Structure formats: structure tokens, C-alpha cells
Amino acid sequence: MWLPCGCTSKYVASSFARRTLASYLHVSGRSRCNVAAFMPEAAGLEGVSGRAALRELSVSNSESFWAAVARHRLCWSTPFHTVQDCDLSRGKIKWFEGGKLNVSVNCLDRHVHTCPERVALIWERDERGSEMKYTYGELLEMTCRLGNLLRRHGVKRGDCVTIYMPTCPLAVASMLACARIGAAHNVVFAGFSADALAERIRDAQSSTVITVNQGVRGGKVTELKKTVDTAVQSCPTVKQVFVAMRTDNPVTMTARDIAMEEYVFSYHDGDVFGCVADIGWITGHSYVVYGPLANGATTVLFESTPIYPDPGRYWDMVERLKINQFYGAPTAIRLLLKYGDQWVNKYDRSTLKTLGSVGEPINTEAWEWYHRVVGDGRCPVVDTWWQTETGGICIAPRPSDPDAEIVPGMAMRPFFGINPVLMDTEGEVLTSNNTSGALCMAQPWPGMARTIHNDHQRFIDTYFQPYPGYFFTGDGAYRSEEGYYQITGRLDDVINVSGHRIGTAEIEDVVNQCPAVAESAVVGYTHSIKGQGVYAFVVLKKGIDVQEADLSRQLNGMVSEKIAKYASPDFIQFAKRLPKTRSGKIMRRVLRKVVESDLEGLGDLSTLDDPAAVQEIIQGHEKLLSKNRP
């Protein structure tokens, strides 16, 4: 029943012995005590006596740095012979060549060998007070059983399995089981529609899908199995769908469906890392599943919403589960701020040590409330910047020296091994401080993306062609006089709604499918709760006579069905025409300025085909706002 570990007990024991010894020497040695909090492995690095020295080494001698981390923190079945072979000018990213390891082994087996009863997962179910705890030993058994089940049904190394599940232990085990048998996993956010799911299944060329009968979130039941049934009708590659039961409600099973048995485990205690992200997004991958488990931590799986059954849900969970680190999105923080301090103060939050922010820049008001109210003014707030493409945190206030300042609303300090630069419009590196530019990375790091599935040329064109020799993040940033970084927003046409990135073109494509619509343009705007909202400009075909309110509802319904509810426009403004250049390109820059009411920042309009179109847009925007004011 059990899959082979791929890592001998002797090697695991010696690996842990080395880590323990390094940590002991690190803490005991007077000259190295400052580095212990950042990286115990630094005990073997000569001349490193503090955070600044370690940061300098990680950039100037990155091969030695990453080699030390890789050898001490990971269990290798075959050691690597080359640390890195990278060329950013060609989009060539290779790390630890010759080495072999299994991420499932690193997340489970080595911890089971030393502490099988340590709690790995705490499942904070939608039903308040019904949390369930799973040890590393139990999670390993679940993962092995599921891995064997997949292999018995033909899933093999190199296959891509689509996982369409809510945040739950079986979803984590499904991810780890895929990794264990050498299959890739394509985790799709369980809020996506059938059409959006189908598109992602086809792109991954999956023959296997794993789902549950129903999802439960915020007291509402969602028919995930039915969504899968609809999606796979247009996915000829899908041969089998594994179905687990989240609720007791039966669902219709077809010839391709395979029922999965239920696993039931006991409750245990443990230290707690609370990242409330959904596993369908990269934050869930890195900081709910792989990051915490690879480090032997206890991680929380949050299935519900921050306001179900009331706005105290997060803080009730902190009290019950005794969470030490809480990692959430600015959108949720801004939402909870509106409900007042009483929902926070009602619960004991004394176990909290660190508060994290992820997904988008956090505004100063929300940061200060998070720090003052949620953290009682004693917990540092770390505003982290990273992306799906970076794999993990790249810029954050911590780690740093204990007394180092934290500036509200700034990501601040590059992480070890990360070398950010700002570029001007001519592609030159900006070397001075107190300046803004395009945020790029000057050297590779192990966690970065290697390619885009089935489209490596797109990977090169997107991330390495804009600034040859550098990795282009797509974000703009400001570097302060002190050298701290502040992310200023996206430089491309991507909207970040509640931490979910969505391309404006994807929304426009759905809107334009409406028979009454001639063309559309979608832009983002500052939203007090969601970070960014969706604002759509729509031009109707000539001769169309419809009620704008009815058509707005229709378009919102289409976007909700084809993409997801969060992508639905907050405002839809109907216009006779859109401002365009003489070549026919829609001037989205102008539309953004109008939506943000920054008319003084409209800039040069000389390239417009007809400047009068801008005035029409401004008047329509003012009319729409006045109609929606209370």
C-alpha cells in the first residue's frame, strides 16, 4: 500500500543531525548568534556575522549560498553536481543539475521519521468550531493511498492531473500524491466556472480530474461535481474523474467517475502557521502546503470566509487554534476594518507573533489597523511582495535585524539571494535612490519559474525580452532614499481583484461575445475593499435598442459564468465610441485616468483620432457616478 520513500532513513537522520548541529553551533557561537534567526546553515559560511553580511553573500556568491541551503534543508536521493546554469538573456533557468529529490518525501517522510505525531494540518472547516487535525503520519498515509490509487488507474510520471477542490486535507494529499508519483498537478480555484475550468483542463491536457461532490463556503453549498460534469463535456482528453464526498449529499455518477473512500483521523495538538489563502492560488501552494510542510510546521487549511458566520471568524480561529503567524490578504483586512474593532477585541489573540500581508500592496490605513488592533501593537506586520512566477517571497520587511524599522505599506527589503533593480523607459538601470521604475530581477534564484507549459517562447517574450538580461516582473516600484522598495502597481493590463489577477483582455473577450456589443475596454480602478475593481466601457452595435440596466445584468452574468464572480464589472459605462489612436488602438491610459478622476493627468492627447471622444467618456463617467451615489 505504501509508496517507496526514495530517501533512506540513514540519510534523513544524518540530514537532521547536520541541521541540528548547525543550529546548535550557530546559536552557541558568539560571533554567529545574529545570523541564527535567518539561516542556521550560515554556520558553515566564513565571514558571515549578521543579516547584512548574509544578504551580501547571497547576492555576490549566490552559488555558495543556494548550495548550502539546498544541501541542508532538502533530502536528495541523488546529490546535484551543478548548482546553477542560468542565462536570463535567453530565458534559460536550470538549478541543481544532476540532483534528484521528491517534494512529497521532503514534506512528509523525513518528518514522519522523527516526529510522526506532530500535527501537519489543521482543517478549519466552514462550520465554525469543527476543526480537524491531521498528523504528519496520517497525511503521509493518505498521500500514499491516493498516490497508489492514481497509479492503479493509469496516472504516470509526466501526466498532468487537474485538481478542482476546496481547501481541504484531501486536496493537499492530492497535490502531494501527484508529486510523489511524478505527475504534475494543475490546481484550479474552486470558484471558477465550468468554461474557465474546461479551458484550464484543455491547456494542461489532463486525462484525470480530482474533485468533490460539493463545496461549502460561507454557509453556501456549491455544486463542484456538476461544474466538472459540464466542463469535461468539452475536454476530450479527460478519461476519469475521482470524486470525494465533502457533504453527505449524493451526486450523479457517470461511467468516467470513480468514487474515493473517506479518510477519518483523530485530533492532535501542535504549533500553528495560519495562511488563509485558497490552495487554488500560488499563495496556497507555497505557504499553505509546500512551504510549511517542507519545514515540518503545522499549517491551517481555511475553508470558509472572513465574515462567516460573522466578522469575527478569523480572530475566533486564532483563539481556538492558537495561531502564531497569520498571513492574509489586504482585501480581507480592509473588509474587516469596516466592521469595527469589536469583532477583533472579542477574542484572545495573545498567541500571535507575526502578521503577514500577501496578494497586493496594503494601504497605510489597513496596515496600521492590522498592527494596532489585530496585533495589539506588538506584532510586526510584514507586507510581502512576490508573484506566481517567483515561487515565493522576494521582498519583505523581515527577516531583518531585530530593531530594524518597518515602514507601513512598503515591502522594503530584498530577501536573501534576490537582487532587484529598477529600469527606466530606455532600458537602463536606475542606480540612485528616491526613484521609480520597472521592477526587474538582475540574477536568477531557485524558486523562479522555468517556463510556461507548452509555450516556452511566450515565457521568453513575456519575462526576458522587455529588458534583455533581466527578469521583468511586470510591476512598477519606488525605491526610497533609504533603499526600501514600495510596489506601485502593475505596468501591464492585469487587474488585481481581491488578490486574484485577471487579464483585462479575458474579461473583454467575454463581454464582446454578447450579440449587442460592438467592442469594449476594461480597466482597473482603486477599490477601498478589493484593492482594484473592474470598470467596463461598452460600445453597442448600431441599431441596438435595449435597456442599459438589463444589458448590464446580462453582461455581469456572462462574465460570472465564463470566468468567475470576482471578475464581474463593478461599473459598466455605455459609450458611443472609445478614445483611440489613429492606428485604432484603444487608449486605456486615458480611460484609467477618467475612472480615477485624474483629469489633470490625462497627458498628451495629440495622438487621438478624435479628442472629442474623451469628453464624451468624461461626461458619461460623471453621469454613471451620480446615478450610483446614495
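## Cysteines and disulfides

A disulfide is defined here as a pair of cysteine sulfur atoms within 2.5 Å. In this predicted model, local features need pLDDT of at least 70 and side-chain atom pairs count only at pLDDT 80 or more, whereas totals for chains, interfaces and linings use all residues. Residues are numbered from 1 along each chain as its sequence is written, and side-chain values use heavy atoms, with hydrogens and water left out.

Searching the whole structure yields zero disulfides. For Cys168, the closest cysteine sulfur belongs to Cys178 and lies 13 Å away, which is too far for a bond. Cys379 is likewise in no disulfide, its nearest cysteine sulfur being that of Cys275 at 17 Å.

## Burial of Cys168 and Cys379

Relative accessible area is computed with a 1.4 Å probe on protein chains only; buried means under 20%, exposed over 50%, and partly exposed in between. Cys168 is buried, because its relative accessibility is 6%. Cys379 also counts as buried, with a value of 1%.

## Pro309 and its surroundings

Pro309 sits in the loop that joins β13 (299–302) to α10 (313–321). Helices (H or I, at least four residues) and strands (E, at least two) are DSSP runs numbered from the N terminus. Pro309 has 47% relative accessibility and is therefore partly exposed. Between Pro309 and Glu127 the C-alpha to C-alpha distance is 8.6 Å, although 182 residues separate them in sequence.

## Annotated domain

An unreviewed UniProt entry carries the annotation "domain: AMP-dependent synthetase/ligase" for residues 109–239 and 245–445. UniProt positions follow the numbering used here, feature names are shortened, and annotations may be inferred rather than shown by experiment. Residues 109–239 are 43% helix and 23% strand, and the end C-alpha atoms of this span are 31 Å apart.
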